[in-house]
Amino acid sequence: MATATRHTTGTEITTTPVGGRIGAVIDGVRLGGDLDPAAVTAVRDALLAHKVVFFRGQHHLDEESHEAFARLLGTPVAHPTVPSADGRYALGIDSHHGARANQWHTDVTFVPAYPAFSILRAVTIPPYGGDTLWANTATAYAHLAEPLRALADSLRAVHSNDYDYAALKPDALPEALAQYREVFTSTRFRTEHPVVRVHPETGERTLLLGNFVQRLQGLTGRDSRALLDLFQAHIELPENTVRWQWQPGDVAIWDNRATQHYGVDDSGDHERTLRRVTVDGDVPVGTDGRHSVLLSPETVPAPSFGIPSGASAAPEAEAAPEAEAEPAAATA
Ligand SMILES: [Fe+2]
């Protein structure tokens with residue numbers, strides 16, 4: 001059912017859910033740095049409620065106005081390792097360069113204060129395919145049986161940007177893989193997060209996993225993999241997901257603290273170009289009050305422009321039990 005909010009300029013903002021648990025289309029908003037405060041509040045409220053919101057027809061946006069709009073939601077941050085497309089904050093998501101995001105993940109979870117929001121703008125869309133799926137990690141947690149929720153609450157996981165790209169993309173050209181890997185992992189991060197984080201704005205508990213996870217702390221590799229598969233299967237349940245078929249001019253904004261997403265790699269060699277601007281997040285807190293901890297390197301290095309994602313002031317690091325590193329399963 002659509003919900004309408006009238007805002008100060010007199011236009012009506014309509015929010016229409018796409019799925020029962022996640023996703024809504026917002027009409028009546030022209031995104032940009034000049035969006036009035038009432039409309040920003042309406043967008044933010046819908047975003048927190050529906051986890052991902054979609055806008056059609058935002059053809060007027062360019063790198064500058066995309067970034068200017070992002071500033072209305074928070075502080076834009078650069079990717080910790082991948083250079084931007086515009087020398088500032090716009091990350092290129094380009095089918096012709098690097099790995100595709102066809103693995104379930106939450107953006108940049110290999111650093112502690114990973115982005116709160118990602119704003120993705122379609123530039124060139126292939127004639128078919130190239131959809132993106134999002135999953136609601138709050139409803140995934142809420143629908144777990146109670147013993148599984150208790151188990152998840154007690155676990156912590158190590159996330160890293162260093163993984164076996166060749167295992168993920170067996171048919172990719174070795175040179176392309178090597179080049180992407182070199183850039184993406186120019187700094188190798190390892191961060192320990194709680195498996196369940198308490199959302200700083202909604203208070204909801206969300207599952208914090210995805211394919212930057214290397215292993216669960218304190219478990220054998222086999223037990224770790226079995227439990228990760230179990231929880232991840234609940235996140236990916238179709239009931240927890242929404243699928244978006246892109247058109248040029250579309251914008252999707254998601255709450256990166258309450259979702260995972262997956263870019264479907266089914267448009268062959270057709271060009272698919274999107275731009276992403278991320279907004280700084282805060283350091284996650286588990287249900288036991290323990291924060292996430294950067295295990296390595298000692299600090300998040302500064303990118304070539306601005307502040308890096310995850311560089312928000314972290315609380316004093318709590319002692320984290322070090323687990324032995326084990327080769328990662330396929331992650332992206
Ligand atoms: Fe992503």
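This report describes the iron site, the nonpolar cores and the salt bridges of the structure above, which is a predicted model.

**The iron site and strand β16**

The iron ion is held by three residues: His-105 through NE2, Asp-107 through OD and His-261 through NE2, at 2.2 Å. Along the sequence these donors follow the spacing H-x1-D-x153-H. Two of the donors come from distant parts of the chain, since Asp-107 lies in the loop between β6 (91-94) and β7, whereas His-261 belongs to strand β16, 154 residues away. Asp-107 has a relative accessibility of 2% and therefore counts as buried. His-261, at 6%, is likewise buried.

Strand β16 spans residues 259-263 and also contains Gln-260. Gln-260 is buried, with a relative accessible area of 0%. The side chain of Gln-260 makes a polar contact of 2.7 Å with that of Gln-232. Beyond its sequence neighbours, Gln-260 touches several residues, among them the iron ligand His-105. Other contacts of Gln-260 include Trp-104, Thr-106, Leu-133, Trp-134, Leu-209 and Ile-235.

**The nonpolar cores**

The largest nonpolar core has 29 residues, and Phe-55, Leu-73 and Ile-253 touch the most other members. Elements that each supply at least two residues of this core are β3 (24-27), α1 (37-50), β4 (52-55), α2 (63-70), β7 (117-124), β15 (251-255) and β17 (273-279). Helix α1 makes the greatest contribution, with seven residues. In soluble globular proteins, nonpolar side chains tend to be buried together.

Ile-253 illustrates how these elements meet. Apart from neighbours within four places in sequence, Ile-253 is in contact with Val-43, Leu-47, Lys-51, Val-52, Val-53, Phe-55, Phe-69, Leu-73, Ser-118 and Ile-119. A second core, separate from the one above, comprises 20 residues, including Leu-133, Tyr-141, Leu-228 and Phe-231. One of these, Leu-133, is also a contact of Gln-260.

**Salt bridges**

The model contains 17 salt bridges. Three of them are listed below.

| Salt bridge | N to O distance |
|---|---|
| Lys-51 and Glu-204 | 2.5 Å |
| Arg-275 and Glu-63 | 2.7 Å |
| Asp-255 and Arg-257 | 3.0 Å |

The bridge between Lys-51 and Glu-204 joins the loop between α1 and β4 to the loop between β11 and β12 (205-207), across 153 residues of sequence. Lys-51 counts as buried because its relative accessibility is 2%, under the 20% limit. Glu-204, at 30%, is partly exposed. Lys-51 is also among the contacts of Ile-253.

The pair Arg-275 and Glu-63 likewise links distant parts of the chain, with Arg-275 in strand β17, Glu-63 in helix α2 and their positions 212 residues apart. Arg-275 is buried at 17% relative accessibility, while Glu-63 is partly exposed at 23%.

In the third pair, both Asp-255 and Arg-257 are buried. These two residues also take part in a network of salt bridges with Arg-44 and Glu-201.

**Strand β11**

Val-198 lies in strand β11 (residues 196-198). With a relative accessibility of 30%, Val-198 counts as partly exposed. Its contacts beyond four places in sequence are Gly-203, Glu-204, Val-285, Gly-286 and Thr-287. Val-198 thus touches Glu-204, the salt-bridge partner of Lys-51. Val-198 and Leu-208 are ten residues apart in sequence, and their C-alpha atoms are separated by 9.8 Å.

Note on methods. Residues numbered from 1 in each chain as written. Predicted model: local features only at pLDDT ≥ 70, side-chain atom pairs only at ≥ 80, totals over all residues. Heavy atoms only, no water. Helix = DSSP H or I, 4+ residues; strand = E, 2+ residues; numbered from the N terminus. Buried < 20%, exposed > 50% of the residue type's maximum accessible area, 1.4 Å probe, protein only. Polar contact = N/O pair within 3.5 Å; in protein donor to acceptor, adjacent residues only side chain to side chain. Contact = heavy atoms within 4.5 Å. Core = buried A, V, L, I, M, F, W, Y, C linked by side-chain atoms within 4.5 Å. Donors = N, O, S within 2.8 Å, 3.2 Å for Na, K, Ca; no water. Salt bridge = Lys/Arg side-chain N within 4 Å of Asp/Glu carboxyl O.
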